[in-house]
Amino acid sequence: MLSRTVKPALSLARSLSTSSRSRAKVAVLGASGGIGQPLSLLLKNSPLVSQLSLYDIAHTPGVAADLSHIETKARVSGHLGPDQLQAALQGCEVVVIPAGVPRKPGMTRDDLFNTNATIVATLADACALHCPEAMICIIANPVNSTIPITAEVLKKRGVYNPNRVFGVTTLDIVRANTFVAELKGLDPARVNVPVIGGHAGKTIIPLISQCTPKVEFPEDQLMTLIGRIQEAGTEVVKAKAGAGSATLSMAYAGARFTFSLLDAMNGKEGVVECAFVRSEETECKYFSTPLLLGKNGIEKNLGLGNLSALEQKLVAESVGELKASIAKGEEFVAKMK
């Protein structure tokens, strides 16, 4: 029987050592940025990647040259600017999009909307034209809006497949696993906390009641833990004091999700990850829940599971904000020329 929890934290060497599996062409759009560079490094290290196609509007040839010297089989190509975007995407099976501006102190994810919405819409349109069947993994914030943007752009081009478009919320799971492990003295690689909802503030809903191994906290400690998971991104933004947002942990989380997806595409069974996707599990059009991944993307949505009374309350309180963020993304595309 499948476990409904997210799999343990990824061991890169363990997960990707099977040389008999087919290898994929993967593109990173925004490869020169704070997330893009460490993400590309992790992907270059994977035997599941045959070609690593790096795209950005600056510095990509240098990043590609640097990575190409690493002694792994993945071939690296660098593509610079809009004129080379088609070449970057041609033949790609997975596209990961961390492109966009990072948060700075005092900024919310919604403050990023105007800039990042345009970037994501442009890149999604290019995917629709040049690799319409690729799996698309969106990291660019605000994910609660950029996933609806991606979906609407793909719909306009007639190539939208809801099973192949993912909002990468894996960092919320990684953080939840880490924070629970710290409090309980556990190995974080063996802690699984599903995180549902969205990817901003109170829409991030860690299901501590579904954690494996089972853990319990006093109510005050539980509320503090949930609050820390929800505001962990702000914790990093403040700690970096204007020098950026969560880049290294996000790169790790993005790589973990990509590797899980590649494993599933190669036929590995029982691969489960949470992601923000088109959903009918709640009254929100998009919602993050544990997903069983397969060769064609989402094989089955595993749903919310049995929620505690507190978790039911958190879900209900998140709906309004989620619906507004989703509508904001859809309206942005509707107004595009």
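Biologist: Is H59 buried or exposed?
Modeller: This is a predicted model: local features need pLDDT of at least 70, side-chain atom pairs count only at pLDDT 80 or more, and totals for chains, interfaces and linings use all residues. Residues are numbered from 1 along each chain as its sequence is written, and side-chain values use heavy atoms, without hydrogens and water. Buried means under 20% relative accessible area, exposed over 50%, and partly exposed in between (1.4 Å probe, protein chains only). H59 has a relative accessible area of 62%, so H59 is exposed.

Biologist: What is the phi of H59?
Modeller: H59 sits in the loop between strand 2 and helix 3 (60–68). Helices (H or I, at least four residues) and strands (E, at least two) are DSSP runs, numbered from the N terminus. Most residues other than glycine have a negative phi. H59 is not a glycine, yet its phi is positive, near 70 degrees.

Biologist: Which loop holds A241?
Modeller: A241 also has a positive phi, about 50 degrees, although it is not a glycine. A241 counts as exposed because its relative accessibility is 63%. Its place is the loop between helix 9 and helix 10 (248–265).

Biologist: What is the mean pLDDT of the protein?
Modeller: pLDDT is the predictor's confidence in each residue, from 0 to 100. Of the protein's residues, 93% reach 70 or more. The mean is 93.

Biologist: Where does pLDDT stay under 50?
Modeller: Where pLDDT is low, the predicted coordinates should not be read in detail. The stretch in question has 50 contacts beyond four places in sequence in the model. Contact means heavy atoms within 4.5 Å. The stretch is residues 1–20.

Biologist: How much space lies in the largest pocket?
Modeller: On a 1 Å grid over the protein atoms alone, a pocket is an open set of points with protein on both sides within 12 Å along at least five of seven lines, while a cavity is a set where a 1.4 Å probe fits but cannot get out; lining residues have an atom within 4 Å of a point. Points are joined across faces, edges and corners, and a volume is the space filled by probe spheres set on them. The largest pocket has 40 lining residues, with P98, A99, G100, V101 and P102 nearest its centre. Its space is about 850 Å³.

Biologist: Which element gives the most residues to the lining of the largest pocket?
Modeller: By class, the lining has 20 nonpolar, 15 polar and 5 charged residues. Ala, Val, Leu, Ile, Met, Phe, Trp, Tyr, Cys and Pro count as nonpolar, Asp, Glu, Lys and Arg as charged, and the others, Gly among them, as polar. The top contributor gives 4 residues: helix 5.

Biologist: How far does helix 5 reach from its first C-alpha to its last?
Modeller: The buried residues of helix 5 include F113, N116, V120, L123 and C127. The expected span of a helix is 1.5 Å times one less than its number of residues. For the 18 residues of helix 5 that gives 26 Å, and the model comes close at 25 Å.

Biologist: How many residues of helix 10 are buried?
Modeller: Helix 10 spans 26 Å, close to the 26 Å expected. G267 follows helix 10 with a positive phi, near 100 degrees. Helix 10 is mostly covered, and of its 18 residues the buried number is 14.

Biologist: Which residues does the cis peptide bond with omega near -5 degrees join?
Modeller: Most peptide bonds are trans. A cis bond joins T212 and P213, with omega about 0 degrees, and P213 lies in the loop between strand 8 (204–206) and helix 8 (219–230). The bond you ask about leads into the loop residue P142, between strand 5 (135–138) and helix 6 (143–156). It runs from N141 to P142.

Biologist: How far apart in space are V191 and V180, C-alpha to C-alpha?
Modeller: V191 is in the loop between helix 7 and strand 7 (195–197), and it is buried because its relative accessible area is 1%. Beyond four places in sequence, V191 touches residues including N177, V180, C211, T212 and P213. V191 and V180 are 11 residues apart in sequence, and in space 7.7 Å.

Biologist: How much space lies in the largest cavity?
Modeller: The count comes to 1 cavity of 30 Å³ or more. Its lining includes C131, I136, L154 and R164, with 7 nonpolar, 1 polar and 1 charged residues by class. The space is about 50 Å³.
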